[in-house]
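Good morning, and thank you for joining. I would like to take the group through a few local features of one structure, and I ask you to keep the view in front of you as I speak.

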Amino acid sequence: MARQLFGTDGVRGRAGDFLTAELALGLARAAVAHAKQDRPQVLVVRDTRESGEMLESAIAAGVTAAGGDALLAGVLPTPAAPLLVRRHSLHLAAVISASHNPYEDNGIKLFASDGFKLHDDDEHAIEAELERPLTSPARIGRVRRLHGALEDYLRELHVRFAGLDLSGHRVLLDCANGATYRAAPEIFRRLGASVDVLADQPDGRNINDGCGSTHLDAVIEAMGRGDHDVGFAFDGDGDRVLAVDRNGLVVDGDELVALAAIHLRERGTLAGDGVAVTVMTNYGFHTAMAAHGVQVATTAVGDRYVLDELRKRGWTLGGEQSGHIIDLGFGPSGDGIASALLTLEALGRRDLADRDAMHKLPQRLHNIRAVDRASLTAAMEDIAVKTAIDTEHAALAGRGRVLVRASGTEPLIRVMVEAPSNEETDAVCGRLAAVVEQALAD
């Protein structure tokens, strides 16, 4: 039976509509029942959405109704949850967040006792548990506050980056009115930086609203005034980060991972001398890694696939162009704050504007909508489309690449081209898009 509720990153949807208090309670109760432990200890963390408190209460009710104890940590970045699970030897964590989505949405992600997100099989079993008759536990659980949770997370960051002296650094942070609004400024200040903050006044509805890593205009404008050395923008739950240099240029996840990989490789702490990235990672990244003796593994789009590849190979560093960067040497999930600090550690006393970890090739993305999934599949199998892809791929061999793929979430065919010049990139993308559009029209 296919999963109906869990997607690639937990359960997510419109709060109060799809993701109701009843569903949250049921999921929590089912997760505790599936844990099959005596009085499971369950951490509950949320971001700043107005629906978070409702869902927090519902999850706490479900946990305790199944005989577990709910430990409420309040508003914290998502990556704090797996660290706290490990630190306090807890059995499970539920994170209430819809990441970079607007405030109307919310979600529930579940983490196991080892700090990693639940396996697909466990999520499937939890969905099946929802269909079973309710059973009463031997005793009802309790709800209590986990005091000092923010300080515990800050301590983990401080220990990892104890050798990073940010004195003299003028840092601008955009906290997306989300879960990093307290933690990010505090750790940067503790490490000596002079910090200014944007979007640190959450009101329940302004999370990701024209701010954060998906809306960089405010950071770019502020950096252009010349008052800061570097800017970092987090997403709503704090598991992603993008940077902006003093010239107002955006530094995406590809460049941040490249900086980190070269730094850790030179320091001798890059496990396996390898890094995992996705098919969307810029061709220039692969060229740079080859020059520095770093192996590259490529996965499908999605941080869970990057994480799976890292665990399979015994490596520790990976990430996505979106700024979701995983360093298993610190924690078992993407952490925007830790990734920003790792970037500054990699730079040393250099300026981000002088970075030279990789040369990015011009990239063009073109989305072409299909009428339905059937026509999309037919177009992807079209002989003319396959021939065009092979032709352009051969022409760019050793200089760039093409990627034509079906979206996993929408009826779209995504055409991506990278080539040495803007002119060639536009031309190749235009030719491929025309062939795909013709195939969809036939």
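**A buried lysine, the spaces in the structure, and one helix**

Let me begin with Lys109, which is buried, with a relative accessible area of 2%. Please bear in mind throughout that this is a predicted model. Lys109 sits in strand β5, which runs over residues 105-111. Which side chain does Lys109 join through a polar contact? The partner is Asp237, at 3.0 Å between the two side chains. Leaving aside residues up to four places away in sequence, Lys109 also touches a wider set of residues, among them Asp9, Arg12, Thr78 and Asp239. Ala93, Ala94 and Val95 are further contacts of Lys109.

I turn now to empty space. Searching the whole structure gives three cavities of 30 Å³ or more. The largest cavity has a volume of about 70 Å³. Strand β5 appears again here, as β5, α1, α2 (52-65) and β4 (92-96) each supply at least two residues of the lining. Which element gives the most to that lining? It is α1, with five residues. The residues lining the largest cavity include Leu27, Val32, Ile59, Val63, Leu92, Ile108 and Leu110. Ala94, which Lys109 touches, is also one of the lining residues of this cavity.

Helix α1 has a part in a pocket as well. The second largest pocket has a volume of about 430 Å³. It is lined by 23 residues, of which Ala33, Ala66, Gly67, Thr135 and Pro137 are the closest to its centre. Both α1 (21-35) and α4 (120-130) supply at least two residues of the lining, and the largest share, six residues, comes from α1.

Finally, I would like to consider helix α13, residues 383-395. At 1.5 Å a residue, its 13 residues should span 18 Å, and the end C-alpha atoms are 18 Å apart, which agrees. Which residues of α13 are buried? They are Val385, Ala388 and Glu392. Seen down the axis of α13, the buried residues fall within an arc of 65 degrees, so they line one face of the helix. In general, an α-helix has 3.6 residues a turn, so residues three or four places apart point the same way. On the other side of α13, Ile383, Asp390 and Ala394 are exposed. The cover over the buried residues of α13 includes α12 (373-380), β17 (401-406) and α14 (422-441). At the N-terminal end, α13 is capped by Asp382, with a side-chain oxygen 2.9 Å from the backbone nitrogen of Ala384.

Thank you for your attention.

Note on methods:
Residues numbered from 1 in each chain as written. Predicted model: local features only at pLDDT ≥ 70, side-chain atom pairs only at ≥ 80, totals over all residues. Heavy atoms only, no water. Helix = DSSP H or I, 4+ residues; strand = E, 2+ residues; numbered from the N terminus. Expected span 1.5 Å × (residues − 1). Buried < 20%, exposed > 50% of the residue type's maximum accessible area, 1.4 Å probe, protein only. Arc of directions from axis to C-beta. Contact = heavy atoms within 4.5 Å. Polar contact = N/O pair within 3.5 Å; in protein donor to acceptor, adjacent residues only side chain to side chain. 1 Å grid on protein atoms, 1.4 Å probe; cavity = no way out; pocket = protein on both sides within 12 Å on 5 of 7 lines; lining within 4 Å. Points joined across faces, edges and corners; volume = space filled by probe spheres on them.
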